[in-house]
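Let's take a friendly walk through this structure together. Keep the sequence and the 3D view side by side as you read.

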Amino acid sequence: MSISMRIVLLGAPGSGKGTQSQRLVEAYRIPQVSTGDLLRDAVARKTELGLRAKVAMDAGKLVEDAIVLGMIRERLSRPDAARGFILDGFPRNIAQAQALSALLAELGTPLDAVVLLSVDTGVLFKRLSGRRICEECGRVFNIYTSPAGSPPHCDRCGDKPRLIQRLDDKEEVIAKRLEVYEAQTKPLVEHYRAAGLLRVIDADTDVDRVFAALTAAVGAPRT
Ligand code: AP5
């Protein structure tokens, strides 16, 4: 089936953007484009950009726009993004939103929707401090809400997965990330509301219900 769907998932750290993106990838067969993942990959490969980004990421601050925009431009020009994409963690401020809009106008591929995953701040802290990730495949677990079991098991990688905690999921860095979200990213809610693209869903419920609300908000893939 040929589809076209270009969406932005907007929401605070821990609101479930990554979790829901992975489900959308399966349902809509379009790629997840996560600037956080792209940056973590650059950090792991110790590229020059990665080393510059790491300082900001470890402190819970935004990486400079030029680095992120270069990554997005390159990623969205790949063939697998031609029929659509899920932007997870981008844009993150008004300047990035304006740059995205200019890039998509250039490509002739406007956004279909921006979905805000709405969650109370108190819930976010617990979700982030409880997050664990399978080092092998990147699958996300949570010691409170979706534990890997006892003994731990990953559906994709089998028994004895190595579960790691992100460096920026330490309490002091979580606090900074939430502060940065309020100051720099939250203004995008009004920006996209004014553009007529915003949909808001309650993401403070279980993962299946959030996914049902999300697919209802963006609609079935266009053929
Ligand atoms: P990034 O990787 O984008 O992190 P984030 O936005 O802080 O978001 P998270 O990945 O922490 O949370 P999420 O919303 O994806 O939640 P998840 O689904 O994992 O960015 C990291 C850093 O990179 C930034 O701080 C910045 O330095 C830099 N960066 C990235 N993009 C940038 C940009 N555009 N510009 C500049 N800098 C940028 O879920 C969290 C936990 O909750 C999991 O354990 C999960 O299992 C659990 N969970 C999820 N949904 C539910 C649910 N419904 N119920 C119960 N538990 C749930």
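A polar side-chain atom of T145 sits 3.1 Å from a nitrogen atom of the ligand. The protein covers 95% of the 1000 Å² of accessible area that the ligand has on its own, with areas taken from the Shrake-Rupley method and a 1.4 Å probe. Please keep in mind that this is a predicted model, in which local features need pLDDT of at least 70, side-chain atom pairs count only at pLDDT 80 or more, and totals for chains, interfaces and linings use all residues. Residues are numbered from 1 along each chain as its sequence is written, and side-chain values use heavy atoms, with hydrogens and water left out.

Two further pairs are worth finding around the ligand. In Q96, an N or O atom of the side chain is 2.9 Å from a nitrogen atom of the ligand. In G18, a backbone N or O atom lies 2.8 Å from an oxygen atom of the ligand.

Now look at the whole shell around the ligand. It is made up of 36 residues, where being near the ligand takes a heavy atom within 4 Å of it. The closest are T19, T35, K61, R131 and R177. By type, the shell divides into 13 nonpolar, 13 polar and 10 charged residues. Here Ala, Val, Leu, Ile, Met, Phe, Trp, Tyr, Cys and Pro count as nonpolar, Asp, Glu, Lys and Arg as charged, and the others, Gly among them, as polar.

Which elements each supply at least two residues of that shell? They are helix 1 (17-28), helix 2 (35-44), helix 6 (121-129), strand 6 (140-142) and helix 9 (207-218). Helices (H or I, at least four residues) and strands (E, at least two) are DSSP runs numbered from the N terminus. Helix 2 gives the most, with four residues.

Helix 6 deserves a second look. Its buried residues are L124, L128 and S129, and buried means under 20% relative accessible area, exposed over 50%, and partly exposed in between (1.4 Å probe, protein chains only). These three residues are on the same side of helix 6 because they cover an arc of only 115° around the axis, the arc being that of the directions from the helix axis to the C-beta atoms. An α-helix has 3.6 residues a turn, so residues three or four places apart point the same way. What covers the buried residues of helix 6 includes strand 5 (131-134) and helix 7 (171-185).

Helix 7 brings us to L178, which lies in that helix. Is L178 buried or exposed? At 9% relative accessibility, L178 counts as buried. Leaving aside its neighbours within four places in sequence, L178 is in contact (heavy atoms within 4.5 Å) with P13, T121, L124 and F125. Between L178 and N142, which are 36 residues apart in sequence, the C-alpha to C-alpha distance is 19 Å.

Strand 5 holds R131, one of the residues closest to the ligand. R131 is buried, with a relative accessible area of 14%. Its contacts, again leaving aside neighbours within four places in sequence, are V140, F141, N142, I164, Q165, R166, D169 and R177.

Next, find L69 in helix 4 (residues 65-76). L69 counts as partly exposed, at 26% relative accessibility. Not counting residues up to four places away in sequence, L69 touches F90, Q96 and A99. L69 and A99 are 30 residues apart along the chain, and their C-alpha atoms are separated by 7.6 Å.

F90 also takes part in a cis peptide bond, which runs from F90 to P91 with omega near 0°. P91 is in the loop between strand 3 (84-88) and helix 5 (94-107). Another cis peptide bond joins S150 and P151, with omega about 0°, and P151 is in the loop between strand 6 and strand 7 (153-154).

Finally, visit two residues with a positive phi. R29, a residue other than glycine, has a phi near 55° and lies in the loop between helix 1 and strand 2 (32-34). With a relative accessible area of 64%, R29 is exposed. K46 is not a glycine either, and its phi is about 55°. K46 belongs to the loop between helix 2 and helix 3 (48-58), and at 63% relative accessibility K46 counts as exposed.

Key. Polar contact = N/O pair within 3.5 Å; in protein donor to acceptor, adjacent residues only side chain to side chain.
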